[in-house]
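Thank you all for making time this morning. I would like to walk you through one structure, and I will begin with the way some of its helices pack before turning to strands, loops and confidence.

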Amino acid sequence: MITVNPDGKIMVRRCLVTLRPFRLFVLGIGFFTLCFLMTSLGGQFSARRLGDSPFTIRTEVMGGPESRGVLRKMSDLLELMVKRMDALARLENGSELHRAGGDLHFPADRMPPGAGLMERIQAIAQNVSDIAVKVDQILRHSLLLHSKVSEGRRDQCEAPSDPKFPDCSGKVEWMRARWTSDPCYAFFGVDGTECSFLIYLSEVEWFCPPLPWRNQTAAQRAPKPLPKVQVEGQRELRSGPLQAVFRSNLSHLLDLMGSGKESLIFMKKRTKRLTAQWALAAQRLAQKLGATQRDQKQILVHIGFLTEESGDVFSPRVLKGGPLGEMVQWADILAALYVLGHGLRVTVSLKELQSNLGVPPGRGSCPLTMPLPFDLIYTDYHGLQQMKQHMGLSFKKYRCRIRVIDTFGTEPAYNHEEYATLHGYRTNWGYWNLNPKQFMTMFPHTPDNSFMGFVSEELNETEKRLIKGGKAGNMAVVYGKEASIWKGKEKFLGILNKYMEIHGTVYYDSQRPPEVPAFVKNHGLLPQPEFQQLLRKAKLFIGFGFPYEGPAPLEAIANGCIFLQSRFSPPHSSLNHEFFRGKPTSREVFSQHPYAENFIGKPHVWTVDYNNSEEFEAAIKAIMRTQVDPYLPYEYTCEGMLERIHAYIQHQDFCIAPGPALPEAHAPKSPFVLAPNASHLEWARNASSAPGAWPPAHSLRAWLAVPGRACTDTCLDHGLICEPSFFPFLNSQDAFLKLQVPCDSTESEMNHLYPAFAQPGQECYLQKEPLLFSCAGSNTKYRRLCPCRDFRKGQVALCQGCL
């Protein structure tokens, strides 16, 4: 006989009592299931909305197998719960009957509670089953309707065969395979369908023709204009754009430049220090220009080398003797543009650049979201690369507005991508296919580029007299703030020490650099005002061959120093010197500072061979006997820089497509005559001046160079400047004939040395590619046909009639 433990009976009864809370739990499960059901169905339908990300859209969703499967599983789950509850209810009912002691009559309010709950759950299950059937019917109907709509739109969303849009079908194929490669496509509404591809390629890009059924409904994106910077005391003209008015207060510019970087702090200090000189220069130029009207340009200045994405290697070195030439130039460019009265935006981060340009979200494959709100963009090679990566097709459309601040210059042979690749001129910095004049240099290296420059502080007459009277006749300052520049210079430092007291400004943290000899008085790195005071006392400023072409020698000459530099033999270039290797120029550098040697010269600049001790020592003795006044070329004054940039903004327009370099059969007859001495061509007096040409065509003079001579040097030999914009006028057989050059044959090819005459063979060559017209370059095989012009005194960038 089996005995039952009383404690066990108590536990069973307690478990049966707890069935009522469990029923509540089951009701909660049922409610949660219904909520989950509605959420799942809503999510399935909402996933088809066009605004959602294309990376979460799946066209198979509308097929509905997932939705029907979810409904079936939920129905099965509820049926299983009903069976479990039925078993529990029977168990509970049996317990209640046993406890009632044979009483078989139940009042209405004493019915077993499990029965009502079970009925409700069965009703829920039946509803879910009904919903599953209805949803299945809706999904099937939706699939059928979608199939019919797709069939109806198929003809409208096929890539059209239009000869005006030859790339359309190929672009559609690319979009079909790669549209998910960049989120920017989804930003513009691409969702993986053929229609969305064609809408994008016809309305955002321009590879396909507009779809006829989109003509009335396609959204037109209104341009988002950039707010213009209001000039003090100026009202906007209703009949035209704002007029630029010279500014003298630079406080707003200092705010535009930002803060947080040592490089920006240095630039702002420089701008603030030169404010008075900029204001005076603006007054002088305003008087010179008279009533000339100038439209206010909207200008973006993006200093790419200061962005974190480019490494910003300069900012950490500002306080450690690093090169400051680029920052000096950028500070002066900002000041000049602002003083001229133009609207400025300044960016030193990629995020700011993207915001100002209107770059769509993604990886940069798509065009800008709005028309470019800037008339001009000044940047550097780093910024140029960043814009190309993030502007998509808009970069090609707007690159004519870009001006690239390029310290050492970019010659046409390196700029033309195809030509550079085929002929070995490809480097890390070239091949942009810009007009070579869009590259703006620190010094006038080659007329192929535009000379931007910078400024040096200009002294008034009183300051000049004080400096001249306070000079120490035997004091020399060495050009070089980094200790590595001094290495290996002991020999001629020893010679110099016999005649002069030598001072240095070499950076050091805790102890004196071992490269600096003990007899040199090293001041450490000096702030710019203190360095200026040191130069005002010194007799000599001496360079050791590096850095190349910096601003310091001009500052020294402006403060009354004589600059002594080394002559390079052989000349340094990308072919034999590591520093120039990879730079987009073949220029040969014959001294540390070619501008100082060629455009200033003695008595202010002495260039000698440092390897010749006797020549070096003789130069030191001669310098000690020489007296000079402070001197600053006009083009490096604030007024000179303002004048130059004003002329560029007013006259340079690279968005006008260059005329084709036509062969002689199609070229117009050249408007030249042979000069009376039969040495060169001149613009005929009775010939009409070429409309829109800048510099004015009547300043043109053309010479045939000797074999192996570049046009840059040929023009300088005649006291003129080579002018590449004049090449198209000379690119004809008629020009050779007027120079009495016999052409047995004439060919048109891509070559940066053409037009030219080749001997032997009596062959004349014309230029086929306008971007390859170049003042630089030579070959002993060719006599180049060179266009030259005059220039303003102290302003080689501008001709006499250019202002």
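**Helices, sheets and a few unusual bonds**

Let me start with a pair of helices in this predicted model: where α9 passes α11, the crossing is right-handed. On the α9 side the contact is made by Ser-263, Phe-266, Met-267, Arg-270 and Thr-271, and these meet Met-327, Val-328, Trp-330, Ala-331, Asp-332, Leu-334 and Ala-335 of α11. If you sort the residues of this contact by character, eight are nonpolar, two are polar and two are charged. As for the geometry, helix α9, which covers residues 262-273, packs against α11 at an angle of about 55°, and their axes are 9 Å apart. An angle between 35 and 65 degrees counts as oblique, and α9 and α11 are therefore oblique to each other.

The second pair takes us further along the chain, to helix α10, residues 275-289, and helix α23, residues 638-651, whose axes come within 8 Å and cross at roughly 50°. Here too the word is oblique, and the angle is the reason why it applies to α10 and α23. The crossing of α10 past α23 is right-handed. From α10 the contact draws on Gln-277, Trp-278, Ala-281, Ala-282, Arg-284, Leu-285, Lys-288 and Leu-289, while α23 brings Cys-638, Glu-639, Met-641, Leu-642, Glu-643 and His-646. Divided by character, the residues in this contact of α10 with α23 are eight nonpolar, two polar and four charged.

A third pair is formed by helix α18, residues 490-497, and helix α22, residues 613-625, with axes that come within 10 Å and cross at roughly 35°. In this case as well, α18 passes α22 in a right-handed crossing. Lys-491, Phe-492, Ile-495 and Leu-496 of α18 make the contact together with Ser-613, Phe-616, Glu-617 and Ile-620 of α22. That contact of α18 with α22 comes out as five nonpolar residues, one polar and two charged.

Let us now turn to the strands. In what order do the six strands of the open sheet with parallel pairing stand? Reading across the sheet, the order is β2-β1-β3-β4-β5-β6. At the edges are β2, residues 343-347, and β6, residues 450-451, and each has a single partner strand, so one side of each is left without a neighbour in the sheet. If we look at the β6 edge, strand β5, residues 439-441, pairs with β6 in the parallel sense over two bridges, and Met-440 has Ser-450 of β6 as its bridge partner. Towards the other edge, helix α12, residues 350-357, lies across β1, β2 and β3, and runs at about 145° to β2.

Further along the chain there is antiparallel pairing to show you. Two bridges join β15 and β16 in the antiparallel sense, and there the bridge partner of Leu-681 is Ala-702 in β16. β16 also pairs in the antiparallel sense with strand β21, residues 782-789, over four bridges, and Leu-704 stands opposite Leu-785 in β21.

Some details of the backbone deserve a careful look, and they sit in loops. Which peptide bond ahead of Pro-547 is cis? It is the bond from Phe-546 to Pro-547, with omega near 5°, and Pro-547 has its place in the loop between β10, residues 540-543, and α20, residues 552-558. A cis peptide bond also joins Trp-694 and Pro-695, with omega about 0°, and Pro-695 lies in the loop between β15 and β16, the antiparallel pair I described a moment ago. Finally, Asp-312 has a positive phi of about 40° although it is not a glycine, and you will find Asp-312 in the loop between β1 and α11.

I should close with the confidence of the prediction. The mean pLDDT of the chain is 82, and 76% of the residues reach 70 or more. Over residues 141-155, however, the pLDDT is below 50, and this stretch has five contacts in the model beyond near neighbours in sequence. Residues 662-667 also stay under 50, and for them the model has nine contacts beyond four places in sequence.

Conventions
Residues are numbered from 1 along each chain as its sequence is written. This is a predicted model: local features need pLDDT of at least 70, side-chain atom pairs count only at pLDDT 80 or more; totals for chains, interfaces and linings use all residues. Side-chain values use heavy atoms; hydrogens and water are left out. Axes are lines fitted to C-alpha atoms, for helices over the stretch in contact, and angles run from 0 to 180 degrees between N-to-C directions. Angles under 35 degrees count as roughly parallel, over 145 as roughly antiparallel, 65 to 115 as roughly perpendicular and the rest as oblique. A crossing is left-handed if the near helix is turned anticlockwise from the far one by less than a right angle, and right-handed if clockwise. Contact means heavy atoms within 4.5 Å. Ala, Val, Leu, Ile, Met, Phe, Trp, Tyr, Cys and Pro count as nonpolar, Asp, Glu, Lys and Arg as charged, and the others, Gly among them, as polar. Two strands pair if DSSP finds at least two bridges between them. pLDDT is the predictor's confidence in each residue, from 0 to 100.
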